[in-house]
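Reader: Could we go through this structure together? I should like to begin with a single residue and then move outward.

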Amino acid sequence: MSWLSRITAGLTKSAANVTEGIKQAIGIAAKLDDATLEALEEALIAADTSLPVAQALLKDLKKAKLPDPLTQEALKQALADLIAARLQPLAQPLSFPASPTVILVAGVNGAGKTTTIGKLAAQWAAQGKHVVVAAADTFRAAAVAQLKVWTDRADASTKKGSVSIVPPAKEGADSASVAYAALEKAQNEHADIVLIDTAGRLANRADLLAELPKLNRALQKQDATAPHHTLLVLDATLGQSTLPQVAEFHKQIPLTGLIVTKLDGTAKAGFLLALAAQPNPLPVVAIGVGESLDDLGPFEPSAFAAALVGIDSAK
Amino acid sequence: MLEFIQEKLGKALSSLTGKGLLTEADVDTALRELRVSLLEADVALPAIKHLMATVRERAVGEAVLRGANPGQQVVKIVYDALVELLGAETPLELKAAPPAVILMCGLQGGGKTTTSGKLAKWLKDTQKKTVMLASLDVYRPAAIEQLAILAEKTGALSFSHDSMDVMVRAKAAMAEAKKLSVDVLIVDTAGRLAIDEALMAELVAVREVIKPTASLLVADGQTGQVAVDVAKAFHDKTPLTGLVLTRMDGDARGGAALSMRFITGVPILFLGMGEQVGALEAFRPEGLAGRILGQGDVVALVGKLQAAAASEDGARLEEKLMSGKSMDMTDLKKQMLMMKKMGGMTGMLDLLPGMGALKNKIDPSKVDDKVIVRQIAVIDSMTAAERKNPSLLNAKRRIRIAKGCGLTVHDVNKVVKMHEQMNQMTKMMRSGQLQKMMGKMK
């Protein structure tokens, strides 16, 4: 299965509701009447786009040039085009400005940080990169062991590059010291990338968020430009609390990008549209659509939008 | 985040004051505001529709109470309907020939393993049960190890087995729990997507082997609209007996709880309130209803305020406040005692609408409720004359007071400063400035 069809396979399942809504909305009516608009609004809300975004999209849809007579497919395509256009600015791949490029990965508990790091490390190693992973989640039980399994798996999956892990020197060690040691190792060994796994923390825990700048300061003792990327991992099943969550993290550690995980389910991640509507929106550097090592790939707005409104990728 | 639906509804309904009855059009105006707020709280559309129908039926034709804001009146109707829909407090039912078996299931990253540990502690500490924790999560790296660590932390028995076959582990865990005659066996399972047919079939097979007394769905309290689909899919495959919503210590308003309860009809049992093993709370519909509405636990707050105001001290303080006389140190002490009675500053903040977010921004050391006790000690070390006339408090007297209560002059200074601030506040309250200031804060 190609990467693109894999995304749409995952997303199509998740788009079932929206499709249903649109089918009902069209019914016999061949025009964008009030009933159709209401059904479309509900379908978009059910995808977690938020009410204001759904309303703005429909306002644009009313203004859009629609073919006459209107078909269900044409309506879906018009809506998908509007969604894709809004998301287009978010599609930016990750850059590697330094050697080693230091990437801090943060997020709330259970978002999928450790799994995502495992996948990123494996992909980069397959491209021949040498990756050092810092197991800086020194809080959650067995977090280091979980990351170790992933990095071992990633390292074994390729002969071209390598993945090594830097665990805490002792139990309960400070996360900043782990990050520091990982960067030191990467510099000594001329590695290409340093990935830093951090403990999950809720966005309203100011005390825990304040640990992140501290971790950055430890990195900056060795490389004043580090971290080169600070990524927030977002669970696609979450709803409207995502926006304040991103804002709170951004306040503590200026974020440079987002990764959306668990898009393989019924979750629609419509909150990306709300995030895209904000000034200087953060790019989505990758999305996760499954559990295997290569189920993490680039964010493609047109595929995402097509799947969201239920356009069959097979056609 | 600081959203007071009451205020919004009040605005929508301000034209109603003086009217006799709430008409359908009036109520619909209010319900539109309600829909927006519930969507922001992540309540799923089907649940919102149901709630709005209930409220419309009850509100239309209702007489507008004299003196009451029609907005408040509708909010009361909404609040009551919400409490009803959330369901009553329900205990975890574990009546079975031992071992009672609890099956934990849900999506990836919902908090199943952490909740299993918390539940073990809760059963041990409050129900005096012996508990065994068994992990069937052979997929997520180190999940088994994580549960074993939690077992050690909570003093529960830990099931261990070499096999990485889910069914073998399930059978062996049952046999082990029977052999050791534990009261409760908690079975943690791997996270799975509701649409993953193979893994859902596995869950059904596990269920047949362990025959759970309770099947709990563990879900993230921050879940969006998808909550209904998730809960429905799990409930269809493996009939649930309870819901546990995690990460409710976060900022999310927790509409997912309502969505899941609505679609399954299964009671909400517990809320996860933090990362520590003790952070599990029994569900209370009143608290969650207020939170979903974004107005805090208004009922509990009103109750506490009423109790405090009903006390003689409260009445006398209020009288003095209105009379325009300045407050002395004895008044400050009374205020502190009332504050202490109401659960201290932290307790109050928990209940105030929208203050949950604020609470976390406040340095915990600054709302340490022991501070109140110390401040009262400072006042108790003053002479009667000093209490009546705090302007007497020169440096020498302050040093004496500090020695008397075993604190520092700095602590004494703080109380003196508090007293000054209290008098400034009361002056502002009388002149109406405070209301203006509060208005600006919104």
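Author: Certainly. This is a predicted model. We may begin with Thr154(B), which counts as buried because its relative accessibility is 7%, under the 20% limit.

Reader: Where in chain B is Thr154(B) placed?

Author: Thr154(B) belongs to helix H6 of chain B, which covers residues 143-154.

Reader: And what does Thr154(B) touch, not counting residues up to four places away in sequence?

Author: Its contacts of that kind are Gly117(B), Ala120(B), Lys121(B), Lys124(B), Leu133(B) and Val277(B).

Reader: Let us turn to chain B as a whole. How many helices and strands has chain B?

Author: Chain B contains 21 helices and eight strands. It has 442 residues, of which 50% count as buried. Its accessible surface is about 20500 Å², and carbon and sulfur atoms account for 56% of that surface.

Reader: What are the corresponding values for chain A?

Author: Chain A has 13 helices and eight strands. Of its 315 residues, 59% are buried. The accessible surface of chain A is about 12300 Å², with 54% belonging to carbon and sulfur atoms.

Reader: What share of the contacts in chain A joins residues at least 24 apart?

Author: Counting contacts between residues at least 6 apart in sequence, the share in chain A is 79%. For chain B, residues 24 or more positions apart make up 73% of the contacts with a separation of 6 or more.

Reader: Now the interior. Which residues touch the most other members of the largest nonpolar core?

Author: They are Ile83(A), Leu195(A), Ile196(A) and Phe234(B), in a core of 173 residues. This core takes at least three residues from each of two domains of chain B, domain 1 (5-86) and domain 2 (100-283). There is also a second, separate core of 22 residues, with Leu92(B), Leu119(B), Val184(B) and Leu269(B) among them.

Reader: What is Leu195(A) in contact with, leaving aside its neighbours within four places in sequence?

Author: The contacts of Leu195(A) include Ile103(A), Val105(A), Ile117(A), Leu120(A) and Trp124(A). Val131(A), Val132(A) and Val133(A) are also among them.

Reader: And Ile83(A)? Which buried residues of H5(A) accompany it?

Author: Ile83(A) is one of the buried residues of H5(A), and the others include Leu75(A), Leu79(A), Leu82(A) and Leu87(A). Lys76(A) is also buried in H5(A). The helix runs over residues 72-87, and at 1.5 Å a residue its 16 residues should span 22 Å; the end C-alpha atoms are 23 Å apart, which agrees.

Reader: I am curious about helix H8 of chain A as well. What should its 14 residues span, and how far apart are its end C-alpha atoms?

Author: At 1.5 Å a residue, H8(A), residues 175-188, should span 20 Å, and its end C-alpha atoms are 20 Å apart, so the two agree. Its buried residues are Ser175(A), Ala176(A), Val178(A), Ala179(A), Ala182(A), Leu183(A) and Ala186(A). Because they cover an arc of only 160° around the axis, they are on the same side of H8(A).

Reader: What do those buried residues of H8(A) pack against?

Author: They pack against four strands of chain A, E1 (101-107), E2 (130-136), E3 (162-166) and E4 (193-198), and against helix H10 (211-220).

Reader: Is Ser177(A) buried or partly exposed?

Author: Ser177(A), which lies in helix H8 of chain A, is partly exposed because its relative accessible area of 36% falls between the 20% and 50% limits. Its C-alpha lies 8.3 Å from that of Ala136(A), although the two residues are 41 apart in sequence.

Reader: A change of topic: which residues are joined by a cis peptide bond?

Author: In chain A, Ser99(A) and Pro100(A) are joined in this way, with omega about 0°. Pro100(A) sits in the loop between H5 and E1. In chain B, a cis bond with omega about 0° joins Pro98(B) to Pro99(B), and Pro99(B) lies in the loop between helix H4 (70-86) and strand E1 (100-105).

Reader: Lastly, what is phi for Asp48(A) and for Asp42(B)?

Author: Asp48(A) has a positive phi of about 65° although it is not a glycine, and it lies in the loop between helix H3 (34-46) and helix H4 (51-63) of chain A. Asp42(B) has a positive phi near 70° and is found in the loop between helix H2 (24-40) and helix H3 (45-59) of chain B. Asp48(A) is buried, with a relative accessible area of 2%, and Asp42(B) is buried at 4%.

Notes: Residues numbered from 1 in each chain as written. Chains lettered and ligands numbered in written order. Predicted model: local features only at pLDDT ≥ 70, side-chain atom pairs only at ≥ 80, totals over all residues. Heavy atoms only, no water. Core = buried A, V, L, I, M, F, W, Y, C linked by side-chain atoms within 4.5 Å. Buried < 20%, exposed > 50% of the residue type's maximum accessible area, 1.4 Å probe, protein only. Domains from an automatic or database assignment. Contact = heavy atoms within 4.5 Å. Helix = DSSP H or I, 4+ residues; strand = E, 2+ residues; numbered from the N terminus. Areas by Shrake-Rupley, 256 points an atom, 1.4 Å probe, with all protein chains shown as cover. Expected span 1.5 Å × (residues − 1). Arc of directions from axis to C-beta.
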